[in-house]
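Me: I'm new to this one and would like to get my bearings. Could you walk me through it, one question at a time?

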Amino acid sequence: PKTDIVFLKVHKSASSTVMNILFRFGETHNLTFAFPQGGGFQLYYPHHFLARFVQGFSPRSPRRFNILCHHMRFLQPEVQKVVPSSAVYFSILRNPVQLMESSFVYYKGASAFSRVGSLEEFLSQPYRYYNPASGDRHYARNLITFDFGFNPDGDASPERVQLMLKAIEASFDFVLISEYFDESMVLLKELLCWDLDSVVSFPLNTRDSSTKSTLPDWAVEKLKAWNRLDWEIYTHFNRTFWERIERAVGRERLRREVRALRARRAELARTCLQGTGSVGPKDIKDSSLRPLQHGGARILGYNLKQGLDQELERTCRRLVTPELQYSSLLYKKQFPPPP
């Protein structure tokens, strides 16, 4: 199994669920994480990543960490200073239409969104609300492009787009697609030589559907044009994703593996969870399992069954522990506070 990993956690793209998979794998195999200084949750995002943002990094000691997976704005020469040269680089993307709809609700406080009532209103005349000079502009335009380290207001000419796609392909070993999450997990398992239980998960940091809305066709077209760079990245990697599946797994085995993954997830849900699945924040009984609520979104979580034996309770708890709590837990393990 591959144990040196860089995961570029693109916002609002099922990346918290992938992070939980990496946290569990790292914890099970006693791997080290490149944590933000002081145990924070982001690597000084939205600044471009620098090696010195990592707790325990020193230019004088060649210490390397196994897994880098906290939110960052990608800058490969700096990333290479904190992970082994053998590290596998990957990311996950989401359709920019749903991504922006989600961003709008989640980052309602961002300067570009705070004065508008709806995403449609924003898209009808974005430049009225959007300021390219504001420090949080990326939440409102080409968020994927920004997270990969590029300029979200950059030129979208075919030449420029090709250069950007080539740069991403040169840095990343593969890119997953969140709309095909289970297929993505099968590919991840294959390319990292992991077992099924390492990639099984419950969806984390998801919104309850009451805050989701469907955009009219005109707004979807406006959004694609406004986020043209993101759209180009997404459509390119959505296409190459299937070519990769074809080469690495093949359609027939993919179907079998996806079935096995879903069956295992259902089995774990029956074993671990009270009720049939996720519940609203007010209904989560154990406060240590309550995810951070942000913006206008209602973020769902889980209740564990009572009376599980110790080993099983540990497995189940790890599967549903929200990102911030899990990150803090692993940070304390890796950097124990002085007695």
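**Cavity, cysteines, core and pockets**

Leu99, Met100, Ser103, His138, Tyr139, Ala140, Arg141, Asn142, Leu143, Asn227 and Asp230 line the largest cavity. Keep in mind that this is a predicted model.

Me: Which helix gives the largest share of the lining of the largest cavity?
Reply: Start with the search of the whole structure, which finds 1 cavity of 30 Å³ or more. Its volume is about 50 Å³, and its lining divides into 5 nonpolar, 4 polar and 2 charged residues. The largest share of that lining is 3 residues, and they come from helix H3 (residues 96-106).

Me: OK, on to the cysteines. Which two does the disulfide join?
Reply: There's 1 disulfide in the structure. Its S to S distance is 2.0 Å, inside the 2.5 Å cut-off. With -70° about the S-S bond, the link is left-handed. The pair ties together distant parts of the chain, 44 residues apart, with one partner in helix H11 (residues 251-272) and the other in helix H12 (residues 310-320). The two are Cys272 and Cys316.

Me: Is Cys272 buried or exposed?
Reply: Buried means under 20% relative accessible area. Cys272 has 0%, so this residue falls under the cut-off. Its partner Cys316 also has 0% and counts as buried. For Cys272, then, the word is buried.

Me: Why isn't Cys69 bonded to Cys193?
Reply: A disulfide needs sulfur atoms within 2.5 Å. The closest cysteine sulfur to that of Cys69 is in Cys193, and that's too far for a bond. Looking from Cys193, the closest one is in Cys69. So there's no bond, because the gap between the sulfurs is 20 Å.

Me: And how do I class Cys193: buried, exposed or partly exposed?
Reply: Under 20% is buried, over 50% is exposed, and in between is partly exposed. Cys69, at 1%, counts as buried. Cys193 has 46% relative accessibility, so it counts as partly exposed.

Me: Which residues touch the most other members of the largest nonpolar core?
Reply: In soluble globular proteins, nonpolar side chains tend to be buried together. Here the largest nonpolar core has 114 residues, and the ones touching the most other members are Leu68, Leu93 and Phe122. H7 gives the largest share of this core, 7 residues. One of the well-connected residues, Leu93, is in contact with residues including Val10, Phe148, Ser178 and Phe237.

Me: Where is Ser178 found?
Reply: Its contacts beyond four places in sequence are Ser13, Ala14, Ile92, Leu93 and Arg94. Ser178 is buried, because its relative accessible area is 14%. As for the spot, Ser178 sits in the loop between strand S4 (174-177) and helix H7 (181-192).

Me: Which helix gives the most to the lining of the largest pocket?
Reply: This pocket has a volume of about 970 Å³. Its lining has 47 residues, with Lys12, Ser16, Leu204, Asn205 and Thr206 nearest the centre. Helix H1 (15-28), H3, H7 and helix H13 (323-334) each supply at least two of the lining residues. With 5 residues, the one that gives the most is H3.

Me: Last one: how many charged residues are in the lining of the second largest pocket?
Reply: The volume of this pocket is about 450 Å³. It's lined by 21 residues, and closest to its centre are Arg24, Thr28, Asp197, Ser198 and Thr315. The lining has 9 nonpolar and 4 polar residues, and the number of charged ones is 8.

Definitions and conventions. Residues numbered from 1 in each chain as written. Predicted model: local features only at pLDDT ≥ 70, side-chain atom pairs only at ≥ 80, totals over all residues. Heavy atoms only, no water. 1 Å grid on protein atoms, 1.4 Å probe; cavity = no way out; pocket = protein on both sides within 12 Å on 5 of 7 lines; lining within 4 Å. Points joined across faces, edges and corners; volume = space filled by probe spheres on them. Helix = DSSP H or I, 4+ residues; strand = E, 2+ residues; numbered from the N terminus. Nonpolar A, V, L, I, M, F, W, Y, C, P; charged D, E, K, R; others polar. Buried < 20%, exposed > 50% of the residue type's maximum accessible area, 1.4 Å probe, protein only. Contact = heavy atoms within 4.5 Å. Core = buried A, V, L, I, M, F, W, Y, C linked by side-chain atoms within 4.5 Å.
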